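Student: Could you take me through the nonpolar interior of this protein chain in some detail?

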Amino acid sequence: LYDEIMRRLDALARVGLGYIGLDRSAPTLSRGEAQRVRLAGGPTGMAAAWMEGVLNQATGPAMALVGGPWEWVGPHSQPGYVNPSLAVGPDGTAYVAWAGLDHAPYDVYFAERAPGQAWSVPYNLSNSPSNCVYPDILLDGSGTLWVVWQDSLSDTNAELYFAARPAGEGWTGAQRITYNAVQDLNVRIAEAPAGPVIVWRQSGR
């Protein structure tokens, strides 16, 4: 347990969040702090994903294994890339999803890198005419990748979508999860015995 805690604290320090103490609960983090780093465990230890930039202006997704050098994951030529999410497979392959401003509005992108290989070309998962943000990624026990996100269909309506990639196959198209006509926000996905489950916050409830 001690070693696990120290690996996570080291990852926070590497991305400039070393001042955050263990007594800080998640709701007290600023949006910028919460966005700056996501952690995942892998066969060689902890990995961290964050947005790397100049003067605190995010310019592109980056990743590092704790104790190793950081590297770019995707485009980084202009500001406007946010909300990285990270998963690491049992073979050490890293999978990252993020919201990117390749063109207005935001879309959700995905890239992967096997150990010793180059990052794949970023793949647009959402292809939406509206803003898609806050992706969360899961690699389940069967090897299927899942990415969930919120799509802001209007100023008062954000719905949830997902895309999946079964092992050895290609990505599905974006598929809608909710039809609530309200703000469905901050979606997260996790694995349960019966399969993936998602949780989210619904505005006003």
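Student: To set the scene, what share of the residues of the protein chain count as buried?

Tutor: Happy to. This is a predicted model, in which local features need pLDDT of at least 70 and side-chain atom pairs count only at pLDDT 80 or more, while totals for chains, interfaces and linings use all residues. Residues are numbered from 1 along each chain as its sequence is written, and side-chain values use heavy atoms, with hydrogens and water left out.

Of the 205 residues, 42% count as buried, meaning under 20% relative accessible area with a 1.4 Å probe, protein chains only. The chain holds 2 helices and 14 strands (DSSP runs numbered from the N terminus: H or I of at least four residues for helices, E of at least two for strands).

Now to the interior itself. A nonpolar core here is a set of buried Ala, Val, Leu, Ile, Met, Phe, Trp, Tyr and Cys residues joined through side-chain atoms within 4.5 Å. The largest one has 14 residues, and Phe110, Leu125, Ile137, Val147, Trp149 and Trp171 touch the most other members. Two or more residues each come from strands S6 (94-100), S7 (107-113), S9 (131-139), S10 (145-154) and S11 (157-165). S10 gives the largest share, 3 residues.

Phe110 is worth a closer look. Beyond its neighbours within four places in sequence, its contacts (heavy atoms within 4.5 Å) include Leu125, Ile137 and Trp171, along with Val96, Pro122 and Arg165. Val96 also belongs to a second, separate core of 10 residues, which includes Tyr81, Leu86 and Ala111 as well.

Methods
Buried means under 20% relative accessible area, exposed over 50%, partly exposed in between (1.4 Å probe, protein chains only).
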